[in-house]
Amino acid sequence: MKIELLYFGRPGERLNISRETADVPAGLSTLAALLAWLRLRGEKWEHELTDDRVRCAINQEFSGLAANIKEHDEIAIFSPISGG
Amino acid sequence: MTVSISIQESDFDLASELVALRSCSSKAGALVSFVGLVRDFSNDGKIENIYLEHYPGMTEKALDKIIHEATARWNLLGARVIHRIGTLRPNDQIVLVATAAQHRGEAFAACEFIIDYLKTAAPFWKKEQTGQGAQWLETRDSDVQRMEHWRSQAEGKAT
């Protein structure tokens, strides 16, 4: 299953990535499962993408970690926002 | 109702923005503006600069939604939001929220609502550079509390 991943804020900088097209396992159905899958990439990912450190958006809407993901979704992973 | 949103690296001129907003309606009796600035201090010491990034596409949508919620609550005639991105230095302008309404009460309330809501719902990220290193800032509890206050007010009205 192909999804678009975008990274902003601290995780984007620390993992040195702004976007990628990821081919995730078909059974992966929630944001929480996606984060767990990304954490398998190594120690840095494990450290940066813990559930309490990141926030997510699906197709440009803020979404909780229990939210469902599907093929071709645009999923953004970021640190808590700090504008204004 | 005139709504204008800009995300830009360049600075803005408050006076000319207010002239433009003023011309949106001859019914306007009040203009209110808020300008957010870069402070020169933080918990980690003196700030050398800050770096701001955002989520292109989502930011514009989020700001549009925020302004429309303000319009649903108050009788606004115009709203202007400018948010800067990139590298900024102490005393630089970061954000402008300006509102026009028939009466000052509505203009004041809507302006405050928009900046409070922006702080908790618009996808911007700020990194502070001090002598101690760089630090990504996170949503402040006090900002979340201000937004919860607006929400509870809305629920109070509804019941």
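In the predicted model, A:Q60 is placed in the loop that lies between strands β3 (55-58) and β4 (61-63) of chain A. Although A:Q60 is not a glycine, its phi is positive, at about 70°. The surroundings of this residue hold 19 other C-beta atoms within 10 Å, and A:Q60 is therefore classed as partly exposed. The class of buried residues begins at 20 such atoms.

A positive phi also occurs at A:N16, where the value is about 55° and the residue is again not a glycine. A:N16 belongs to the loop between α1 (9-14) and β2 (19-23) of chain A. Here the count of C-beta neighbours inside 10 Å is 9, so A:N16 is assigned to the exposed class. The limit for that class is 12 or fewer.

In chain B, attention turns to a residue within a strand. B:S33 forms part of strand β2 of chain B, which comprises residues 30-37. Because 16 other C-beta atoms are found within 10 Å, B:S33 is described as partly exposed. When neighbours within four places in sequence are set aside, the contacts of B:S33 are with B:L14, B:L18, B:L96, B:V97 and B:A98. A further relation links B:S33 with B:C111: the two residues are 78 residues apart along the chain, yet their C-alpha atoms are separated by 6.9 Å.

Taken by location, A:Q60 lies in a loop between two strands, β3 and β4, A:N16 lies in a loop between α1 and β2, and B:S33 lies in strand β2 of chain B.

Definitions and conventions
Residues are numbered from 1 along each chain as its sequence is written. Chains are lettered from A and ligands numbered from 1 in the order in which they are written. This is a predicted model: local features need pLDDT of at least 70, side-chain atom pairs count only at pLDDT 80 or more; totals for chains, interfaces and linings use all residues. Helices (H or I, at least four residues) and strands (E, at least two) are DSSP runs, numbered from the N terminus. Two residues are in contact if their C-beta atoms, placed from the backbone, lie within 7 Å.
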